[in-house]
Amino acid sequence: QVQLVESGGGLVQAGGSLRLSCAASGRTFSSYAMGWFRQAPGKEREFVAAISRSPDNTLFADSVKGRFTISRDNAKNTVYLQMNSLKPEDAAVYYCAAKYTSSYYYLTRIEDDYNYWGQGTQVTVSS
């Protein structure tokens with residue numbers, strides 16, 4: 001069982017930056033591939049970024065590629081989403097998710113593949 005708690009959301013002007021954090025409980029964080037998703041009002045939840053157990057293997061949605069980075073610190077049981085050059089269309093509730101896997105390089109953009117979810121953190125971008 002893993003519990004996920006996101007933080008770092010808030011209000012930022014367009015062009016600004018935010019860093020989201022997702023802290024995981026438990027001692028097996030390193031056994032999970034991690035993902036970030038977001039949901040804007042009236043829209044479906046969508047994939048943003050994912051990172052495998054190996055921190056060198058990452059995946060991004062086309063809409064954030066080149067602006068967002070994902071990283072993890074297994075010693076702190078935390079995954080991060082660094083968001084730069086934010087746009088009003090990035091405004092959403094951001095969720096982190098965890099997928100248990102035996103594969104060091106596995107990652108996925110599929111929402112249903114993830115086993116655990118956080119409660120979300122709001123990101124608002126003013127134009």
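## Rings, core and loops

A search of the whole structure, which is a predicted model, turns up 7 aromatic pairs. Take Phe37 and Phe47 to begin with. Their ring centres are 5.7 Å apart and the planes meet at 75 degrees, so this pair is edge-to-face; the cut-off for that label is over 60 degrees. Phe37 belongs to strand 4 (residues 32–39) and Phe47 to strand 5 (residues 46–51), so the pair ties together parts that are 10 residues apart in sequence. Both Phe37 and Phe47 are buried.

Phe37 has another ring partner, Trp117. Here the centres are 5.0 Å apart and the planes are at 55 degrees, so the pair is tilted. Trp117 lies in strand 10 (residues 116–117) and Phe37 in strand 4, so this pair ties together parts that are 80 residues apart in sequence. What about the burial of these partners? Phe37 counts as buried because its relative accessibility is 1%, while Trp117, at 25%, counts as partly exposed. Add Tyr114, and you have the aromatic cluster of Phe37, Phe47, Tyr114 and Trp117.

Rings also take part in a couple of arrangements with charged side chains. The charged end of Arg45 sits over the ring of Tyr95, 4.9 Å from the ring's centre. Arg72 does something similar with Phe29, lying over the ring's face at 4.5 Å from the centre.

Now for the core. In soluble globular proteins, nonpolar side chains tend to be buried together. In this model the largest nonpolar core has 35 residues, and the members that touch the most other members are Met34, Trp36, Leu81, Met83 and Tyr94. Which elements give two or more residues to this core? They are strands 3, 4, 5, 7 (68–73), 8 (78–83), 9 and 11 (121–126). Tyr94 is a handy place to look around from: leaving out residues up to four places away in sequence, Tyr94 touches a list that includes Trp36, Leu81 and Met83. Phe37, from the aromatic cluster, is also among the residues Tyr94 touches. The contacts of Tyr94 take in polar and charged company too, including Glu6, Arg38 and Thr121.

Strand 9 (residues 92–100) also holds Lys99, which deserves a stop of its own. Is Lys99 paired with an opposite charge, or unpaired? Lys99 is buried yet has no salt bridge, and Asp113, the nearest side chain of opposite charge, is 5.8 Å away. A salt bridge would need a nitrogen–oxygen distance within 4 Å. What surrounds Lys99, apart from residues up to four places away in sequence, is Ser31, Tyr32, Ala33, Tyr106, Asp113, Tyr114 and Asn115. Tyr114 is the link back to the aromatic cluster.

Next, a few loops. Ser54 is found between strand 5 and strand 6 (58–60). With a relative accessible area of 3%, Ser54 is buried, and beyond its neighbours up to four places away in sequence it touches Tyr104 and Tyr105.

Two other loop residues stand out for their backbone. Most residues other than glycine have a negative phi. Asn77, in the loop between strand 7 and strand 8, has a positive phi of about 55 degrees although it is not a glycine. Ser85, in the loop between strand 8 and strand 9, also has a positive phi, near 50 degrees. Buried or partly exposed? Asn77 is buried, with a relative accessible area of 16%, whereas Ser85 is partly exposed, at 40%.

Ser85 leads on to Gly15. Gly15 is in the loop between strand 2 (10–13) and strand 3 (18–24), and at 53% relative accessibility Gly15 counts as exposed. Leaving aside residues up to four places away in sequence, Gly15 touches Ser85 and Leu86. The C-alpha atoms of Gly15 and Lys87 are separated by 6.4 Å, although these residues are 72 apart along the chain.

Leu86 in turn takes us to Val12, in strand 2. Val12 is buried, at a relative accessible area of 11%. Not counting neighbours within four places in sequence, Val12 is in contact with Leu86, as well as Ser17, Leu18, Thr124, Val125 and Ser126. Between the C-alpha atoms of Val12 and Ala91, 79 residues apart along the chain, the separation is 9.5 Å.

Key
Residues numbered from 1 in each chain as written. Predicted model: local features only at pLDDT ≥ 70, side-chain atom pairs only at ≥ 80, totals over all residues. Heavy atoms only, no water. Helix = DSSP H or I, 4+ residues; strand = E, 2+ residues; numbered from the N terminus. Buried < 20%, exposed > 50% of the residue type's maximum accessible area, 1.4 Å probe, protein only. Lys, Arg positive; Asp, Glu negative; His and termini not counted. Contact = heavy atoms within 4.5 Å. Phe/Tyr/Trp six-rings, centres within 6.5 Å; stacked < 30°, edge-to-face > 60°. Lys NZ or Arg CZ within 6 Å of the ring centre and 35° of its normal. Core = buried A, V, L, I, M, F, W, Y, C linked by side-chain atoms within 4.5 Å.
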